[in-house]
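Biologist: I'm more at home with gels than with models, so could you walk me through this one feature by feature?

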Amino acid sequence: MTQASTIWHRYKPISLGCLLALSLVGCQTSNAPKSPWQPDLGKGFYQNPIIHADYSDPDTIRVGNRYYMISSSFNSSPGLPLLQSADRVNWELVGYALPQQIPQDVFATPQHGKGVWAPCLRYHDNKFWIFYPDPDFGIYVMTAEKFTGPWSAPHLLLAGKGLIDPTPLWDDDGNAYLLHAWAKSRAGINNLLTLRRMSPDAKTILDTEGKIIIDANKLPNYRTLEGPKFYKRNDYYYVFAPAGGVEFGWQSVFRAKNIAGPYEDKIVLEQGLSPINGPHQGAWVQAEDGSDWFFHFQDKRAYGRIVHLQPMHWENDWPVMGVDVDGDGIGEPVLTHRKPVARKFPIVNPVTHDEFKSSTLGLQWQWNANWKPEWYSLSDRNDYLRLFAQPDSHYQTQQHLWNVPSLLLQKLPAEEFVVDTTLELGNMRQGDTAGLLIYGFSYQWLGIKNNAQGKELQLVFCGNAETNCAEQLVTSVPFKGDKIFLRMTVTKGAQVQFAFSANNHHFTPIGPSFAASVGRWVGAQMGLFALSSAGANTADQSFVDVDYLHVKPLPH
């Protein structure tokens with residue numbers, strides 16, 4: 001057996017039939033829901049990523065027999081997504097801890113790359129805790145009796161610029177500590193981890209200066225040490241922390257007998273011979289049966305930072321993650337593995353499609369900034385989302401959507417998928433624009449512009465909105481109807497092809513394909529918008545009605 005075939009065999013320890021079926025839906029059972037990405041392969045195996053969506057900087061804990069996860073959300077609102085699972089493979093989005101970003105006036109307009117950075121989730125003193133950083137304001141703390149909330153209002157535990165990636169530890173002697181990293185863009189320093197004492201109720205920091213307990217500037221080849229998670233095991237204090245940057249970095253672990261150090265260091269997970277770049281930043285979780293697992297992300301550019309699950313065990317009080325294929329003593333990510341729990345669980349995934357039959361928006365939806373209830377309605381017309389055309393001065397003056405707050409967006413759910421939606425246009429006014437959007441630094445949308453000559457179907461492109469590049473009309477087609485069906489097909493490499501139909505039967509591709517783009521620290525997003533060039537008139541506001549947004553696997 002050649003080295004290449006040996007590596008393939010070790011990375012794919014499942015049946016040949018399942019190997020051949022590693023498509024968008026994997027080897028799912030016949031009664032599994034149709035999802036663009038399915039990590040549960042059935043027959044006791046899973047494939048990575050366990051979530052093929054931009055749940056960046058995941059932190060995970062177990063409480064009893066259930067697992068809980070949170071992630072970064074940056075400028076999106078609501079923020080701090082809450083996910084839960086019974087088996088660590090099938091994850092369900094169950095809510096958000098932060099209904100609106102604070103300070104509310106600051107986040108009333110999009111603050112790309114700001115807001116909620118890498119948070120930390122803990123269960124202590126019979127309640128859940130979230131410690132999250134805003135690099136421009138400081139470190140906040142929230143608590144809840146139940147994971148789904150209600151969560152307390154954010155308490156600013158430690159004010160200051162550049163304070164990021166907090167992780168608390170309540171020690172056996174009753175003392176409490178906070179460890180955090182630094183953002184060079186705000187603080188002028190990084191590659192350092194600082195320890196501070198805090199009150200056990202996490203309301204007060206007890207020392208203002210803190211102590212640098214890990215200085216990665218003194219370690220060979222280390223750069224951008226950040227994202228720490230603090231643990232204690234067998235009288236060792238452990239700091240799990242990534243370094244090297246999100247695309248090409250690795251996972252390190254530091255240990256010491258004294259909380260203040262000195263700490264030994266060891267690289268425990270890297271890309272190696274695997275196709276998984278930059279595997280790092282996540283959480284160690286011990287299961288009910290005593291087995292150990294490590295959650296981490298992979299930066300996949302336009303698809304965002306997607307979530308992987310690695311088997312883990314301990315040797316000589318050091319964690320060993322994944323599989324050591326090349327024998328260098330450092331683990332590499334597995335692509336498939338036996339499921340953590342042998343029992344059969346319902347197959348669930350974070351929700352993507354929406355029929356708009358509920359009284360609330362589906363949990364997959366986030367706005368581009370703090371949202372206002374008058375932007376939409378789910379009650380004005382049963383089983384429809386009514387998007388009111390927002391008079392947005394940013395769009396009128398800058399000619400791009402980068403600073404428009406009322407974009408209704410969600411994450412890309414898989415490498416390949418199809419999105420279908422329909423817009424009813426009878427209540428659009430002259431100057432209104434509405435459409436289906438793929439959004440990032442570069443973006444493209446297909447929709448209707450109601451201009452002086454009548455309705456026009458437009459495909460519009462923006463090269464780099466962050467640099468104030470104005471939108472460009474790619475192509476346009478006159479449109480006379482009051483209902484339009486829009487389709488967006490995403491294929492490997494985040495290639496996007498738009499199409500339209502007047503009858504929902506025959507779809508006509510329009511324009512060239514478009515390579516979806518990352519945003520500021522986030523993957524591309526997709527969604528809907530409606531804008532008006534007129535002034536606000538809440539008594540008789542124009543709108544479009546959206547019947548559904550379907551997300552389904554790409555036909556093969």
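Modeller: Happy to, and let's begin with strand β11 (residues 163–170), which is mostly covered: 8 of its 8 residues are buried. Buried means under 20% relative accessible area, exposed is over 50%, and partly exposed is in between (1.4 Å probe, protein chains only). Strands (E, at least two residues) are DSSP runs, numbered from the N terminus. Some ground rules: this is a predicted model, where local features need pLDDT of at least 70, side-chain atom pairs count only at pLDDT 80 or more, and totals for chains, interfaces and linings use all residues. Residues are numbered from 1 along each chain as its sequence is written, and side-chain values use heavy atoms, with hydrogens and water left out.

Biologist: Which strand does β11 join, and through how many bridges?

Modeller: In general, strands of a sheet pair through backbone hydrogen bonds, either parallel or antiparallel. Two strands count as paired if DSSP finds at least two bridges between them. Here β11 is joined to strand β12 (residues 176–182) by 6 bridges, and the two run antiparallel. Ile164 sits opposite Ala181 in β12. The hairpin of β11 and β12 has 5 residues between the strands, and in it Gly174 takes a positive phi near 95 degrees.

Biologist: What is the order of the strands in the open sheet that contains β8?

Modeller: The order is β7-β8-β9-β10, 4 strands with antiparallel pairing. β7 (120–124) and β10 (155–159) are at the edges with a single partner strand each, so one side of each has no neighbour in the sheet. On average, neighbouring strands of this sheet are turned by 25 degrees against each other, direction ignored. For such angles, axes are lines fitted to C-alpha atoms, and angles run from 0 to 180 degrees between N-to-C directions. Inside the sheet, β8 (residues 127–134) and β9 (residues 138–144) pair in the antiparallel sense over 7 bridges, with Tyr132 opposite Tyr140 in β9.

Biologist: And which strands make up the open sheet that includes β4?

Modeller: That one has 4 strands in the order β3-β4-β5-β6, with antiparallel pairing. Its edge strands, β3 (59–63) and β6 (91–98), each pair on one side only. The twist averages 25 degrees from one strand to the next. β4 and β5 (residues 79–85) are linked antiparallel over 4 bridges, and Tyr68 has Gln84 in β5 as its bridge partner.

Biologist: How do I read ring pairs, and how many aromatic pairs are there in the whole structure?

Modeller: A pair of aromatic rings is described by the distance of the centres and the angle of the planes. Rings of Phe, Tyr and Trp (its six-membered ring) pair if their centres lie within 6.5 Å; planes under 30 degrees apart count as stacked, over 60 as edge-to-face and the rest as tilted. A search of the whole structure turns up 27 such pairs. Take Tyr68 and Phe128: their ring centres are 5.1 Å apart and the planes stand at 70 degrees, so this pair is edge-to-face. Tyr68 lies in β4 (residues 66–70) and Phe128 in β8, so the pair ties together parts 60 residues apart in sequence.

Biologist: Is Tyr68 buried or exposed?

Modeller: Tyr68 counts as buried, at 11% relative accessibility, and Phe128 is buried too, at 5%. Tyr68 also pairs with Phe147, with centres 4.6 Å apart and planes at 55 degrees, so that pair is tilted. Phe147 is in the loop between β9 and β10, 79 residues from Tyr68.

Biologist: What about the core: which residues touch the most other members of the largest one?

Modeller: In soluble globular proteins, nonpolar side chains tend to be buried together. A nonpolar core here is a set of buried Ala, Val, Leu, Ile, Met, Phe, Trp, Tyr and Cys residues joined through side-chain atoms within 4.5 Å. The largest has 48 residues, and Leu385, Ile438 and Met488 touch the most other members. A second, separate core of 26 residues includes Ile164, Leu225, Ala241 and Ile259.

Biologist: Why is Cys462 not bonded to Cys469?

Modeller: A disulfide is a pair of cysteine sulfur atoms within 2.5 Å. The closest cysteine sulfur to that of Cys462 is in Cys469, 4.8 Å away, which is too far for a bond. By this rule the count comes to 0 disulfides. Cys462 is buried at 0% relative accessibility, whereas Cys469 is partly exposed at 25%.
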